[in-house]
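Colleague: I should like to learn how helix crossings and pockets are read from a model. May we work through an example together?

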Amino acid sequence: MIGLPNISDLAFMAPCDKQSEAITGYAAGSLSPARHALMACAVEINPDLEVAATFETDVAASLMTEIRPVPLSPMLIGETLAKLPYVSNRPANDSAHSDLRMRLAPKPLRDLMAGTGLRDIKWKSIVPGVAVHDILGNRKTRTGDRMYLLRAKGGMQLPEHSHHGEEWTLILTGSYQTENNSYHRGDLHIADETTAHAPYVKEGEDCICLVVTQGQLHMKSWLPKILQQVVGI
Amino acid sequence: MTEKRASRSKGFAPSKKSISAAKRDAEWLHKISTQQDARALSDLFEVYGPKLKGWLMARGVGNGTAEDIVQDVMIKVWTRAELFDPAKASFATWVYRLTRNKWIDHKRKHGRMDVRDPELMKVIADDEVPSAEENFMTQQSSDVLREHIARLTDAQQMAIRMAFIEFKTHKEISAETGLPLGTVKTRIRSAINALKSSMARQQEKLL
């Protein structure tokens with residue numbers, strides 16, 4: 001019993017302010033599309049975030065009654081009824097995959113890849129051991145958010161970098177360490193624009209992360225800077 | 001852990017009014033999924049359509065686009081009605097989530113973003129109904145939540161509204177109120193925490 005926190009305290013405990021802000025933004029619908037998508041994935045694989053997001057989505061939904069309703073055009077419902085598709089009695093479509101590897105990707109990713117999973121992504125290698133796969137935007141995206149998957153081999157030290165705006169990282173496989181913390185599957189790591197960091201990927205499993213940044217990363221040393229010009233990250 | 005979560009899901013006592021609304025919604029959904037009853041869908045959107053449109057327009061969406069989104073949501077409710085489980089979520093929360101995700105989807109499609117993988121983004125943005133979020137969706141009714149919000153201090157209530165329905169960024173709120181950015185964030189955070197504690201206390205009483 002000693003030192004074990006009460007479970008309900010755990011569930012209601014704010015993981016940290018930045019995460020809490022992200023959850024509120026997600027629930028309220030005020031995040032950019034890329035960050036909203038990342039949160040949808042995070043909520044699916046992280047039970048603590050799920051509990052928090054569920055609560056705040058309920059709050060947001062219940063506050064809808066405080067917004068002035070706007071009458072629909074008289075024809076809207078009728079027009080919509082005329083468009084309704086035929087719905088056959090199909091079974092619920094949650095394709096429960098037996099392959100554990102496939103479960104590593106949150107459902108949205110699995111669905112997209114038609115059952116293939118994270119391993120069949122076409123990765124673009126950046127430096128030996130590190131590869132990316134663009135999902136939304138690319139290195140030429142100057143403004144707005146960019147979303148990509150990043151894969152790093154176990155034992156790698158990633159180049160030290162900082163970024164415009166916040167960098168949001170959702171860990172899907174493996175784990176990495178920064179100076180202060182270690183991050184595992186389901187962890188949401190929000191790095192401030194002011195801190196430069198060089199995560200160390202732990203030995204063993206590849207670390208695959210879903211990342212949202214704004215614009216390009218700023219590399220601290222010359223080698224990654226040059227590589228960045230060539231392959232882009 | 002599971003036990004605690006399971007108990008939370010039935011911890012709140014909804015008022016009679018919200019029970020009847022929830023029951024009414026659940027009956028409509030049942031009719032849609034089992035009998036393909038278009039009348040039930042129509043009734044449902046007589047109630048929820050204007051609310052959803054109001055929410056969208058408060059977000060700055062134009063009249064036509066707001067109605068397009070409401071129509072998409074209505075069709076989605078029609079095709080996905082069988083996935084709605086009143087034991088897990090209120091219809092209000094379910095339909096709110098559909099609308100919110102459609103709105104984000106709309107922003108993405110009409111923004112300047114270079115979509116690398118449109119299919120992926122479609123699936124992510126469409127991630128609505130059977131998501132894991134529903135697995136232990138608490139069935140706290142909207143009315144109960146609103147009662148708890150009403151018990152917060154005025155300043156806390158204002159902070160909650162700012163975060164969830166005024167649709168302003170923290171920076172905008174900071175500029176308007178003259179409060180430092182950090183203070184705005186702290187106030188919103190502590191108001192949400194106060195609401196959580198208030199709900200948790202009621203739950204404990206009921207256990």
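**Helix crossings and the largest pocket**

Modeller: In this predicted model, the crossing of α3(B) and α5(B) is right-handed.

Colleague: At roughly what angle do the axes of α3(B) and α5(B) cross, and within what distance do they come?

Modeller: The axes of α3 (residues 38–58) of chain B and α5(B) cross at roughly 45° and come within 11 Å. Angles from 65 to 115 degrees count as roughly perpendicular, and those under 35 as roughly parallel. The pair α3(B) and α5(B) is therefore oblique.

Colleague: How are α3(A) and α4(A) oriented to each other?

Modeller: Here the axes of α3 (residues 33–45) and α4 (residues 47–62), both of chain A, come within 5 Å, with a crossing angle of roughly 115°. These two helices, α3(A) and α4(A), are therefore roughly perpendicular to each other. As for handedness, α3(A) passes α4(A) in a left-handed crossing.

Colleague: Let us turn to the pocket. How much space lies in the largest pocket, and which residues are the closest to its centre?

Modeller: The largest pocket holds about 1100 Å³ of space. Its lining comprises 31 residues, and Glu21(A), Ser30(A), Leu31(A), Thr169(B) and His170(B) are the closest to the centre.

Colleague: Which element supplies the largest share of that lining?

Modeller: That element is α2(A), with six residues. At least two lining residues come from each of α2 (17–28) and β4 (161–173) of chain A, and likewise from each of α5 (91–110), α8 (154–164), α9 (170–177) and α10 (181–206) of chain B. In terms of domains, domain 1 (21–124) and domain 2 (131–206) of chain B each give at least three residues to the lining.

Colleague: How many residues of each class does the lining of the largest pocket have?

Modeller: The lining has twelve charged, ten polar and nine nonpolar residues.

Terms used:
Residues numbered from 1 in each chain as written. Chains lettered and ligands numbered in written order. Predicted model: local features only at pLDDT ≥ 70, side-chain atom pairs only at ≥ 80, totals over all residues. Heavy atoms only, no water. 1 Å grid on protein atoms, 1.4 Å probe; cavity = no way out; pocket = protein on both sides within 12 Å on 5 of 7 lines; lining within 4 Å. Points joined across faces, edges and corners; volume = space filled by probe spheres on them. Helix = DSSP H or I, 4+ residues; strand = E, 2+ residues; numbered from the N terminus. Nonpolar A, V, L, I, M, F, W, Y, C, P; charged D, E, K, R; others polar. Domains from an automatic or database assignment. Axes fitted to C-alpha atoms, helices over the stretch in contact; angles between N-to-C directions. Parallel < 35°, antiparallel > 145°, perpendicular 65-115°, else oblique. Left-handed = near helix turned anticlockwise from the far one by under 90°.
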